[in-house]
Amino acid sequence: MALNRPLILVLLVLAATLAYFLRGDAREQQVRQSRILMGTVVEINVLDQDARRAQAAVEAAFAEMARIEELMSVQRPDSEVARLGRAEQSLAVSTETAEVLALGLEIARRSAGAFDPSLGRLKALWDLEGDAPRIPEQAAIAAALEGIGPQALRLEGLRVYKAHPELVVDLGGIAKGYAVDRAVAVLEQAGIASASVNAGGDLRLLGGRGERPWRIGIQHPREAGEVLTILELSDRAVVTSGDYERYFEQDGRRYHHIFDPRTGFPADAVQSVTLVADSAMLADALATAVFVLGPRQGLDLVGEFPGVEVLIVDAAGALHASAGMAELQR
Ligand code: ADP
Ligand code: MG
């Protein structure tokens, strides 16, 4: 009988190894899908043992993002944000729009107006997504900047007050991040433990990639297809704002989609900003704010947010990083 003991042990170890590999194999099941939402390509990637559950979760996450788009996109004439733009004085909005606007206004104050959800008229004037983008007249830019800023919008409960009727609200610098956060919440509710949601550079990770962290390549702002650095992360948001995605060129200058509210022109202090935070909404707004502020003030702003890290490529191509960034880089 005593002789059987080692045999039993060996069998147990074999069974455990087999179970481990079967489970490992099952974990490898991957559902990966892309759709166009919020004016960009959204890719959702889910790892799960159960392919049907993964597929249903991905569907639900896309539906959730489409719902946020209906609520907050200025491009949708019936969205709350579009209606707010047309409102004379004020509009009562949903809890969600109020929540996103509240964070937007907080970042607007804390960045001294570098982030500005009241610059909708300026965005429409430049019309970068239009057929024939061109530099607007200086007088038109001045008019679009009139009365905008952190004080131009006020939130009282669920009611948003505009400082003047012409003010147009734009949550384009923050709503995509919120939609990504919501998509991740929906995946988690569906029982998914390992996923990534990427909305054109606004990315959030759920869990790790199986047992390991996710490896996220950050696009080089000037070398197409080249990676600036690789970050290893789990359960966090990584948002990159760059001047290389939506732009036109005229007389050798690049005119892109992140505006400096002080000048009415595209911000020119940096080429790209990568922000790491727990929430994609916070990371989205801060990335846009840092883009406008530039490296020095940008690092100061990020320093006020515990656990948030930033990597900036400045206009000359030099790198600036917060203290904790190096730990994430591989
Ligand atoms: P991306 O859309 O490439 O992820 P951002 O998150 O920086 O880039 O968002 C850019 C969008 O934010 C613009 O299309 C516009 O809607 C809005 N926006 C531009 N400049 C500002 C700004 N200074 N503050 C707030 N929102 C801005
Ligand atoms: Mg942003």
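**Helices α8 and α9, and the surroundings of ligand 1**

Let me begin with the helices: in this model, which is a predicted one, helix α8 passes helix α9 in a right-handed crossing. On the α8 side, the residues that make this contact are Leu 286, Ala 289, Val 290 and Leu 293, and they meet Pro 295, Gln 297, Gly 298, Leu 301 and Val 302 of α9. Sorted by class, that contact consists of 7 nonpolar and 2 polar residues, with no charged residues.

As for the geometry, two packed helices are described by the angle between their axes together with the distance between those axes. Here α8, covering residues 280-293, and α9, covering residues 295-303, pack at an angle of about 145°, and their axes are 7 Å apart.

Now to the ligand, where α8 appears again, since this helix gives the most to the shell around ligand 1, with 3 residues. There are 18 residues around ligand 1, and those that come nearest are Asp 116, Asp 170, His 257, Asp 284 and Thr 288. By class, the shell divides into 7 nonpolar, 5 polar and 6 charged residues.

Which atoms of the protein does ligand 1 approach, then? For Asp 116, a polar backbone atom lies 2.8 Å from a nitrogen atom of the ligand. For Lys 123, the partner is an oxygen atom of ligand 1, which is 3.0 Å from a polar atom of the side chain. For Asp 284, an N or O atom in the side chain is 2.8 Å from an oxygen atom of ligand 1.

And how much of ligand 1 does the protein bury? Taken alone, ligand 1 exposes 570 Å², and 97% of that is buried by the protein.

How values were computed: Residues numbered from 1 in each chain as written. Chains lettered and ligands numbered in written order. Predicted model: local features only at pLDDT ≥ 70, side-chain atom pairs only at ≥ 80, totals over all residues. Heavy atoms only, no water. Axes fitted to C-alpha atoms, helices over the stretch in contact; angles between N-to-C directions. Helix = DSSP H or I, 4+ residues; strand = E, 2+ residues; numbered from the N terminus. Left-handed = near helix turned anticlockwise from the far one by under 90°. Contact = heavy atoms within 4.5 Å. Nonpolar A, V, L, I, M, F, W, Y, C, P; charged D, E, K, R; others polar. Near = heavy atom within 4 Å. Polar contact = N/O pair within 3.5 Å; in protein donor to acceptor, adjacent residues only side chain to side chain. Areas by Shrake-Rupley, 256 points an atom, 1.4 Å probe, with all protein chains shown as cover.
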